[in-house]
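Ready for some practice at reading a protein structure? Grab a pencil, look through the exercises below, and try each one before you peek at the solution.

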Amino acid sequence: MQEKFIKFITDNRLAEKGDRILLGVSGGVDSMVMAHLFIACGYNTGIAHCNFRLRGANSDADEKLVREFASANNIPFHNICFETKEYASEKKITLQMAARDLRHSWFEETMVKYGYNLLALAHNKSDRTETIILNLIRGTGITGMAAMKPRSGHRIRPLLFASRNEILGYAGQNGIPWREDESNKSVKYTRN
């Protein structure tokens, strides 16, 4: 998988060895595998983790896992805790929209503050397919059909070549720790 990862990055001009890359890492399998791959391939990275305080002790356990992974790999760790419910209520938006807004704003601030020039997000091939299907259901036009691109400005998605099953297999083969967010199983959310 490391060879495919490097090839995808090279073919799509996502990053160079001299780049400083901030990795958005939730503690889930996708982002933990992405972090492992960047580290194994020798890229200059830092890890950013958001605790949205939506799942109590589970949110704190995610943060602990990511913090320990960064420490074990001698990678800079940046984190923040949000009062997501309050923000959503104040802005009159869904929790998912609130978390996305808070996360992306903080990622941008962190990049500027610490001198990162790229932000890596762990969307995979399966996420891309889900997005296309959701956009079709919503009656999208051509733009929505394009779904996620490997690169949008300084945001890169280096796992778009890999399926969820490939990512799970790689995590298992390499003993990569990760945590499952139980909200991923809830039928309350359209994506699920």
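**Exercise 1. Which residues form one aromatic cluster with Phe-5?**

Before we start, some ground rules: this is a predicted model, where local features need pLDDT of at least 70, side-chain atom pairs count only at pLDDT 80 or more, and totals for chains, interfaces and linings use all residues. Residues are numbered from 1 along each chain as its sequence is written, and side-chain values use heavy atoms, with hydrogens and water left out.

*Solution.*
- Step 1: Know what a pair is. Rings of Phe, Tyr and Trp (its six-membered ring) pair if their centres lie within 6.5 Å; planes under 30 degrees apart are stacked, over 60 edge-to-face, and the rest tilted.
- Step 2: Name the cluster. Phe-5 joins Phe-38 and Tyr-43 in one aromatic cluster.
- Step 3: Put it in context. The structure holds 5 aromatic pairs. In one of them, Phe-38 and Tyr-43, the ring centres are 5.3 Å apart and the planes sit at 85°, so this pair is edge-to-face.
- Step 4: Check the surroundings. Both Phe-38 and Tyr-43 are buried (under 20% relative accessible area; exposed is over 50%, partly exposed in between, with a 1.4 Å probe and protein chains only).

**Exercise 2. Find out how the rings of Phe-52 and Phe-82 are arranged, and which parts of the chain they tie together.**

*Solution.*
- Step 1: Look at the geometry. The rings of Phe-52 and Phe-82 are stacked, with 5.7 Å from centre to centre and 20° between the planes.
- Step 2: Locate both residues. Phe-52 is in the loop between strand 2 and helix 3, while Phe-82 is in the loop between strand 3 (77-81) and helix 4 (84-91), so the pair ties together parts that are 30 residues apart in sequence. (Helices, H or I with at least four residues, and strands, E with at least two, are DSSP runs numbered from the N terminus.)
- Step 3: Buried or exposed? Phe-52 and Phe-82 are both buried.

**Exercise 3. Work out how helix 2 packs against helix 1 and against helix 3.**

*Solution.*
- Step 1: Learn the yardstick. Axes are lines fitted to C-alpha atoms, for helices over the stretch in contact, and angles run from 0 to 180 degrees between N-to-C directions. Under 35 degrees is roughly parallel, over 145 roughly antiparallel, 65 to 115 roughly perpendicular, and the rest oblique.
- Step 2: Take helix 1. Its axis and that of helix 2 come within 10 Å and cross at roughly 85°, so helix 1 is roughly perpendicular to helix 2.
- Step 3: List who touches whom (contact means heavy atoms within 4.5 Å). Helix 1 brings Gln-2, Phe-5 and Ile-9, and helix 2 brings Leu-37, Phe-38 and Ala-40.
- Step 4: Take helix 3. Helix 2 (residues 29-40) and helix 3 (residues 57-72) pack at about 5°, with axes 12 Å apart, so the two are roughly parallel.
- Step 5: List this contact too. From helix 2 come Met-32, Ala-35, His-36 and Ile-39; from helix 3 come Leu-65, Val-66 and Phe-69.

**Exercise 4. How many disulfides does the structure hold?** **Then describe the places of Cys-41 and Cys-50.**

*Solution.*
- Step 1: Recall the chemistry. A disulfide is a covalent bond between the sulfur atoms of two cysteines. Here the cut-off is a pair of cysteine sulfur atoms within 2.5 Å.
- Step 2: Count. There are 0 disulfides in the structure.
- Step 3: Check Cys-50. It is in no disulfide, and the nearest cysteine sulfur, that of Cys-81, is 9.3 Å away. Cys-50 counts as buried at 10% relative accessibility.
- Step 4: Check Cys-41. This residue is buried too, with a relative accessible area of 9%, and sits in the loop between helix 2 and strand 2 (44-51).
- Step 5: Find the neighbours of Cys-41. Leaving out residues up to four places away in sequence, Cys-41 touches Gln-2, Phe-5, Ile-6 and Lys-17. The C-alpha atoms of Cys-41 and Ile-6 are 7.7 Å apart, although their positions lie 35 residues apart along the chain.

**Exercise 5. What is the phi of Arg-13, and what is that of Arg-53?**

*Solution.*
- Step 1: Arg-13 is not a glycine, yet has a positive phi of about 50°. For Arg-53, also a residue other than glycine, phi is near 55°.
- Step 2: Arg-13 is in the loop between helix 1 (2-11) and strand 1 (20-24) and, at 70% relative accessibility, counts as exposed.
- Step 3: Arg-53 is in the loop between strand 2 and helix 3 and, at 44%, counts as partly exposed.
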